[in-house]
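This report is a short reading of selected features, meant to be followed with the sequence and the structure side by side.

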Amino acid sequence: MKPVHDPSTLLRNHGIPITAQRLAVLRAVSARPHGTADAIAEAVRAEIGAISRQAVYNALGTLVEKGLLRRIQPAGSPALYEDRVGDNHHHLICRACGKTVDVACAVGKRPCLDAEDNAGFQIDEAEVIYWGTCPACLTQATGTGAAKTVLKISESVNSTHNPTI
Ligand SMILES: [Zn+2]
Ligand SMILES: [Zn+2]
Ligand SMILES: [Zn+2]
């Protein structure tokens, strides 16, 4: 089966001239959602060879502007790009390792778009990021705690060297 989002069809439908660079950028983003521009540039280089970082940035900018890609900007992180657009989904991000996962809007039909007071705005998107600790990091944290306890015990044993004059 062909993927639903064939890159060249997508570009054509949005009236964007098809270039090898834009196709490669679209493919790279769809292969690894939530990648940084640098990670995408690396993937594109692996696929089509030499391409400047600026060319990748330009392609990303155009594709975001035309609505083919979505850019999310978590605090303290470079922008991340994904090709899942227009569904107002949100993200779970691990504070420890940066793992980013898609999560549907809160239960109900996009309740976060019904702001209590919209101040006259027509709201079309709510950028919600749930910050926390991913399962893998939670498991690791438990392991580190145990190691620390062992270290403390061995330190307290080492207090016999007290020279008397
Ligand atoms: Zn994590
Ligand atoms: Zn996402
Ligand atoms: Zn929501």
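A residue is called buried if 20 or more other C-beta atoms lie within 10 Å of its own, exposed if 12 or fewer do, and partly exposed in between. In this predicted model, Asn58 has 14 C-beta neighbours inside 10 Å and therefore counts as partly exposed. Asn58 is found in helix H4, and its C-alpha atom is separated by 9.3 Å from that of Arg22, although the two residues are 36 residues apart along the chain.

Arg22 also belongs to the contact between helices H2 and H4. The axes of H2 (residues 20-31) and H4 (residues 53-65) come within 10 Å and cross at roughly 75 degrees; because angles of 65 to 115 degrees count as roughly perpendicular, the two helices are described as roughly perpendicular to each other. The residues that make this contact are listed by helix below.

| Helix | Residues in the contact |
|---|---|
| H2 | Gln21, Arg22, Val25, Leu26 |
| H4 | Ala55, Val56, Ala59, Leu60, Leu63 |

Sorted by class, the contact of H2 with H4 comprises 7 nonpolar residues, 1 polar residue and 1 charged residue.

Further along the chain, how do strands E4 and E5 run, and how many bridges join them? Strand E4 (residues 90-94) and strand E5 (residues 100-103) run antiparallel and are joined by 4 bridges, with His91 standing opposite Asp102 in E5. E4 and E5 form a hairpin that has 5 residues between the strands, and in its turn Gly98 has a positive phi of about 85 degrees.

Methods:
Residues numbered from 1 in each chain as written. Chains lettered and ligands numbered in written order. Predicted model: local features only at pLDDT ≥ 70, side-chain atom pairs only at ≥ 80, totals over all residues. Axes fitted to C-alpha atoms, helices over the stretch in contact; angles between N-to-C directions. Parallel < 35°, antiparallel > 145°, perpendicular 65-115°, else oblique. Contact = placed C-beta atoms within 7 Å. Nonpolar A, V, L, I, M, F, W, Y, C, P; charged D, E, K, R; others polar. Pairing = 2+ DSSP bridges.
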